[in-house]
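Reader: Please take a close look at the charged side-chain pairs here, going through the salt bridges one by one. I would like to know where the partners sit and how open they are to solvent.

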Amino acid sequence: MYSQNLPTYNPRRVAKIILLILAGGVVPAIVASCARQERPGDTRDRSSIKIGYFGDLSGPTFNFGQSAKNGAIMGADEINQGGGINGRKIDIVIEDDEGSPELAATVINKLTRQDKVIALIAGGASGSSLAAGPNAQSAKVPMISPSSTNPAVTQIGDYVFRACFIDPFQGEVMAKFSYNSLQARTAAIMLDFNSPYSRDLTEFFELSFTKLGGRVISKQSYTQGDSDFKGQLSSIGAARPDVIYLPGYYGDIAVIAKQARQLGITQPLLGGDGWDAPELWQLAGDSINGSYISNHYSAEDPSPAIQKFVKDYKLHWGNLTPDAHAALAYDAMRFLAEAIQRAGTTEGGKLRDALAQTRNFSGVTGIISMDSERNAVKSAVILKLQDGSYIYQETIKPEAAVSAAKASPSASPSPKKSRKK
Ligand code: PHE
């Protein structure tokens, strides 16, 4: 059991929420559908298709929101340059949730009720998607989270989808890698207890690691934004675990890694997709060298589709390397466009049905098929962090991880690399 902290009072945020509520509720939504006709007799709808995006563009995980925004815009730009969807251009309406779940729940109302978007590529961190998702569901506007991995996100309802794998798999992937590839037999975990993402990854890592024969010998917690982690780290250091699992977000991870090294803790630090941000390196320096993370894709993957995406993204965004957030939002935009095309309409219910029928969509983060729970069943990669780069280690497919977790410790197969660099 973990206690929940109340959100801190922030006058700027409260003022923004009030303004958004007024804008969404009081200002009448006069959105003229400007069906321009090319020539007399041509009744085809040429109006733009409005798609909403919101994410953390200025808060504690702003790298996530900025990357996902870039990925979604690039996906839409490519579709528009190719003639749009059935001749209609995509118009993205963007909002900043500042990394606050309560603000996410407000901006989604503005996007659905005032801007009248027909779908959303939104919800970066699981906490924001969990807070905003019920409003997409009640407005009957399909929402695709590019990157929220917490299982409860798509359980909100049948209008909520995601472009990524879920945390039971992600936790299992790292447990398997620790046990089999790093030969770890004991682990410590330090989690952000206010984050559903961090709590569930802890649970799933522990479950799988224990099943494999490992032991979690120390468990500590913190809250996002804390600055002193030395007490928890001293306890972890004294327990002498083989590895330390830190299922959190990059801003906190940087401080934790630095303090761990200052305390003389040299064990490998392990994390998940919440570490994948260029800012991690600026904040953490070489204290994260030798760490490993599970992630959605690797920009170093030699596959031609990934290398083409990386090259195009760098051209589009001034030489930035696309992280997993960017790649997932790009994929989400493209399979949404494909579903709109297939549905032949932007009407919520029909679009929802078309999204649910997505099968074998070839994305840069893998082949995307929606399961009955609206989750994308996909492989994960393990990356090693060294001197500013993420070095590709191996790919773990969903079935492989499941069977590894089921195997008894003595019968564990030696690590197999399904794809080498
Ligand atoms: N999976 C994380 C969450 O659910 C967010 C995340 C996705 C972070 C992708 C980085 C990259 O909160």
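Author: Arg-342 is partly exposed in this predicted model, its relative accessible area being 39%, and the residue it pairs with, Glu-338, is likewise partly exposed at 32%. The two form a salt bridge in which the closest N and O atoms are 3.1 Å apart. Both residues belong to helix α11, which covers residues 324-343, and they are separated by 4 residues, about one turn of the helix.

The pair formed by Glu-206 and Lys-219, by contrast, links distant parts of the chain. Their salt bridge has its closest N and O atoms 2.8 Å apart, with Glu-206 in helix α6 (residues 196-212) and Lys-219 in strand β7 (residues 215-222), 13 residues apart. Glu-206 has a relative accessible area of 24% and counts as partly exposed, and Lys-219, with 40%, is also partly exposed.

A further salt bridge brings together the side chains of Arg-352 and Asp-353, with an N to O distance of 3.1 Å. Here the partners fall into separate classes: Arg-352 is buried because its relative accessible area of 14% lies under 20%, whereas Asp-353, at 35%, is partly exposed. Elsewhere, salt bridges with shared partners join Glu-95, Lys-110 and Asp-115 into one network. A search of the whole structure gives 7 salt bridges, among them the pairs Arg-342 with Glu-338, Glu-206 with Lys-219 and Arg-352 with Asp-353.

Note on methods
Residues numbered from 1 in each chain as written. Predicted model: local features only at pLDDT ≥ 70, side-chain atom pairs only at ≥ 80, totals over all residues. Heavy atoms only, no water. Salt bridge = Lys/Arg side-chain N within 4 Å of Asp/Glu carboxyl O. Helix = DSSP H or I, 4+ residues; strand = E, 2+ residues; numbered from the N terminus. Buried < 20%, exposed > 50% of the residue type's maximum accessible area, 1.4 Å probe, protein only.
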